Amino acid sequence: MPELPEVETVRRGLEPVMTDTVIEYAQVNRPDLRWPLPANMSERLTGQRVLGLRRRSKYILCDLEGGETLLIHLGMSGRMLISGAQVGAFAHPHPAPEKHDHVVLNMVGGARITFNDARRFGAMDLAPTPEVASHKWLAGLGPEPLGNSFSDEHLVARLKGRKMPIKSGLLDQKIVAGLGNIYVCETLYRAGIHPARQAGAISERRVRSMVPIIRQVLEEAIAAGGSSLRDFRQADGELGYFQHNFDVYGREGMTCKTQECEAEIRRIVQSGRSSFYCPTCQR
């Protein structure tokens, strides 16, 4: 599933094409994705000017002039594809319609934004913009890891006394929003913390040290265009490249990248997800 850097990459790709542009016609090709699509979705989107695009956790929020916000979740294989517009150095012509093009936004000026989702685990909804923070998808989320409200004091307080593994704590969206399996593995490797360590047993000093590491890992991934694992693509169709820079994720059996460490990266399964770690560097 696309994580925060991938979603932020898509948002940044869509922003110059959609912001301050009117949706000339919204084509909705099915009644549902993971959940039912909002009633009269095509009519509610058609003719609306896009005021701006935001991101909250792994959701893209598209604010509309009429007072509603379109919430978009990419799910496991959802892609927002741009055609008919200049994106960076490249212009992408309109492709032939595909079977899994579920929602198509035809913008004034000729650009087309297509939501393609083969597995239909993605989701879209419309909500009044002033109330979007209390939407059921967003209401229980913790602070953004790249925002000012995410601090070492916050992380220490939320993990204090918790008996869950530290990896589970960082994946808890109520503690910090947007972190996923890949970048939690990378964070714990850089912090030198074993993913199975009990969260509440880690010293405050080490918990505090994770906050700048989390930010650094995410910022590097965003700068590199997301990880592009499996089905993910950037909004302009180009692959991201951060997967080539993973320190630990997916490197089971390979030698640790830490200088002078010759240990092999190991993998364990936690709550159905693979955790990769160095048995020597992570304690």
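**Sheet.** I looked up the strand order first and found an open sheet of four strands, β1-β8-β9-β5, with antiparallel pairing. I note that the model is predicted. The edges are β1 (23–28) and β5 (79–83), each of which pairs on one side only. I took the turn between neighbouring strands of this sheet, direction ignored, and it averages 15°.

**β5 and β9.** I then followed β5 to strand β9 (residues 112–116); the two pair in the antiparallel sense over five bridges. For I82 I looked up the bridge partner in β9, which is I113. Helix α1 (residues 4–18) packs on the sheet and touches β5, β8 (101–107) and β9. I have its direction at about 35° to that of β5.

**Aromatic pairs.** I find five aromatic pairs in the structure. In the pair Y59 and W137 the ring centres are 5.6 Å apart and the planes are at 20°; stacked means under 30 degrees, so I enter the pair as stacked. Y59 belongs to strand β3 (residues 59–64), while W137 sits in the loop between β10 (123–128) and α3 (152–159), so the pair ties together parts 78 residues apart in sequence. I checked burial for both: Y59 is buried at a relative accessible area of 13%, and W137 is buried at 12%.

I next looked at F246 and Y249, whose ring centres are 5.6 Å apart with planes at 75°, so I enter this pair as edge-to-face. F246 counts as buried, at 5% relative accessibility. I also looked up the cluster around this pair: Y183, F246, Y249 and F276 form one aromatic cluster.

Definitions and conventions. Residues are numbered from 1 along each chain as its sequence is written. This is a predicted model: local features need pLDDT of at least 70, side-chain atom pairs count only at pLDDT 80 or more; totals for chains, interfaces and linings use all residues. Side-chain values use heavy atoms; hydrogens and water are left out. Two strands pair if DSSP finds at least two bridges between them. Axes are lines fitted to C-alpha atoms, for helices over the stretch in contact, and angles run from 0 to 180 degrees between N-to-C directions. Contact means heavy atoms within 4.5 Å. Rings of Phe, Tyr and Trp (its six-membered ring) pair if their centres lie within 6.5 Å; planes under 30 degrees apart count as stacked, over 60 as edge-to-face and the rest as tilted. Buried means under 20% relative accessible area, exposed over 50%, partly exposed in between (1.4 Å probe, protein chains only).
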